[in-house]
Amino acid sequence: MNTALILEGMEQHRGFVEAGLKSARDALQEASARENLHLYPEEITRAATQRLRTKLRAIETLVRRLLLLLAAMLDVAQANPHHQTASPSKRCDGQPAPSGRVARFDLLPSATFDPVALAKLRERGGLEPDCKWTMAGPLLERFRRIMDVFDDPGRYATLMARRINRLKAAGGLPPICPEQGRTFRLGHELGLIATALPRLVRDALLAWFDTG
């Protein structure tokens with residue numbers, strides 16, 4: 001995992017960010033192996049799906065914050081705007097890299113609330129007793145996207161930097177970074193990293209409204 005280009009000039013956070021990315025990758029692969037997702041099944045039990053969604057959601061949040069911390073300290077003007085990373089023949093999980101144009105990890109997802117969807121979910125009540133399986137495709141796709149970040153974190157940090165710079169130039173508000181709940185479920189090391197990230201990100205974005 002090479003983050004040297006992005007971490008240049010922010011030595012105080014080098015070990016922290018590298019440890020965070022490594023721990024997040026290890027936790028994701030461990031959760032995937034536990035539910036046999038690494039075998040790329042067509043179907044998976046609903047119980048396993050729920051466990052993996054919970055773990056994925058927590059790791060995705062943590063990875064976005066690590067990228068945001070990197071991006072806030074990156075001089076995008078010095079980055080090559082035409083930088084393209086060559087597609088590897090294999091990803092860091094050992095699987096062949098997908099060919100063609102594919103959706104990538106969502107850096108700053110919009111917070112949405114759909115009251116209609118919530119009402120339908122409440123009307124549906126519990127799941128049918130015999131409905132124990134669901135398609136594994138959506139989870140595999142989320143797994144692929146976040147593994148792509150681990151393959152090339154520098155590229156995604158640059159993309160994040162350009163994204164927040166556009167947001168700032170348009171007069172938008174800085175990304176919010178509230179405390180991440182239930183960090184104890186992430187394990188000791190990853191939980192400590194998740195707990196420290198909100199303060200670090202807020203400190204890195206203190207100059208957001210500075211017009212000097």
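Modeller: A helix is a DSSP run of H or I with at least four residues, and helices are numbered from the N terminus. In this predicted model, H2 and H3 each supply at least two residues to the lining of the largest cavity.

Colleague: Which residues line the largest cavity?

Modeller: The lining consists of Leu 28, Ser 32, Leu 37, Leu 52, Leu 56 and Phe 143. The space inside comes to about 30 Å³, and the structure holds one cavity of 30 Å³ or more.

Colleague: What makes this a cavity, whereas the space of about 900 Å³ is called a pocket?

Modeller: The points of a cavity admit a 1.4 Å probe that cannot get out, whereas a pocket is an open set of points with protein on both sides along at least five of seven lines. The largest pocket, with a volume of about 900 Å³, is lined by 28 residues, and Arg 57, Thr 61, Arg 64, Arg 65 and Pro 109 lie nearest its centre.

Colleague: Which elements give two or more residues to the lining of the largest pocket?

Modeller: They are H3 and H6, and H3 provides the largest share of the lining, nine residues.

Colleague: How far may one trust the coordinates in general, judged by pLDDT?

Modeller: The protein chain averages a pLDDT of 78, and 69% of the residues score at least 70. Over residues 78-101 the pLDDT is below 50, and the model gives this stretch 33 contacts beyond near neighbours in sequence. Residues 1-9 also stay under 50, with 19 contacts beyond four places in sequence. Where pLDDT is low, the predicted coordinates should not be read in detail.

Colleague: Where is confidence lowest and where is it highest among the elements?

Modeller: Helix H1 (residues 4-7) has the lowest mean, 46, and strand S1 (residues 43-45) the highest, 94. In total the protein chain has seven helices and two strands, in the order α-α-β-α-α-β-α-α-α from the N terminus.

Colleague: How do you know that the length of H2 agrees with that expected of a helix?

Modeller: At 1.5 Å a residue, the 21 residues of H2 should span 30 Å; the end C-alpha atoms are 30 Å apart, so the two values agree. H2 has as its buried residues Val 17, Gly 20, Leu 21, Ser 23, Ala 24, Arg 25, Ala 27, Leu 28, Ala 31 and Ser 32.

Colleague: How does the end-to-end distance of H5 compare with the expected span?

Modeller: The expected span for the 15 residues of H5 (residues 137-151) is 21 Å, and the end C-alpha atoms lie 21 Å apart; H5 therefore agrees as well. Among the buried residues of H5 are Leu 139, Leu 140, Phe 143, Arg 144 and Ile 146. The buried residues of H5 pack against H2 (14-34), S1, H3 (46-72) and H6 (153-169).

Colleague: Why is Glu 60 counted as buried?

Modeller: A residue is buried when its relative accessible area is under 20%. Glu 60 has 9%, and therefore counts as buried. Glu 60 is found in helix H3 and touches Phe 105, Arg 142 and Ile 146, leaving aside residues up to four places away in sequence.

Colleague: What is the class of Gly 154, buried or exposed?

Modeller: The relative accessible area of Gly 154 is 12%, which is under the 20% limit, so Gly 154 is buried. Gly 154 lies in helix H6, and its C-alpha atom is 8.7 Å from that of Leu 70, although the two are 84 residues apart in sequence.

Colleague: Why is Asn 36 called partly exposed?

Modeller: Partly exposed means neither under 20% nor over 50%; Asn 36 has 40% and therefore falls in this class. Asn 36 belongs to the loop between H2 and S1.

Colleague: What makes the backbone of Asn 36 noteworthy?

Modeller: Its phi is near 60°, a positive value in a residue other than glycine. Tyr 40, in the loop between H2 and S1, has a positive phi of about 55° although Tyr 40 is not a glycine. With a relative accessible area of 34%, Tyr 40 is partly exposed, because this value lies between the limits of 20% and 50%.

Methods:
Residues are numbered from 1 along each chain as its sequence is written. This is a predicted model: local features need pLDDT of at least 70, side-chain atom pairs count only at pLDDT 80 or more; totals for chains, interfaces and linings use all residues. Side-chain values use heavy atoms; hydrogens and water are left out. pLDDT is the predictor's confidence in each residue, from 0 to 100. Contact means heavy atoms within 4.5 Å. The expected span of a helix is 1.5 Å times one less than its number of residues. Buried means under 20% relative accessible area, exposed over 50%, partly exposed in between (1.4 Å probe, protein chains only). On a 1 Å grid over the protein atoms alone, a cavity is a set of points where a 1.4 Å probe fits but cannot get out, and a pocket is an open set with protein on both sides within 12 Å along at least five of seven lines; lining residues have an atom within 4 Å of a point. Grid points are joined across faces, edges and corners, and a volume is the space filled by probe spheres set on the points.
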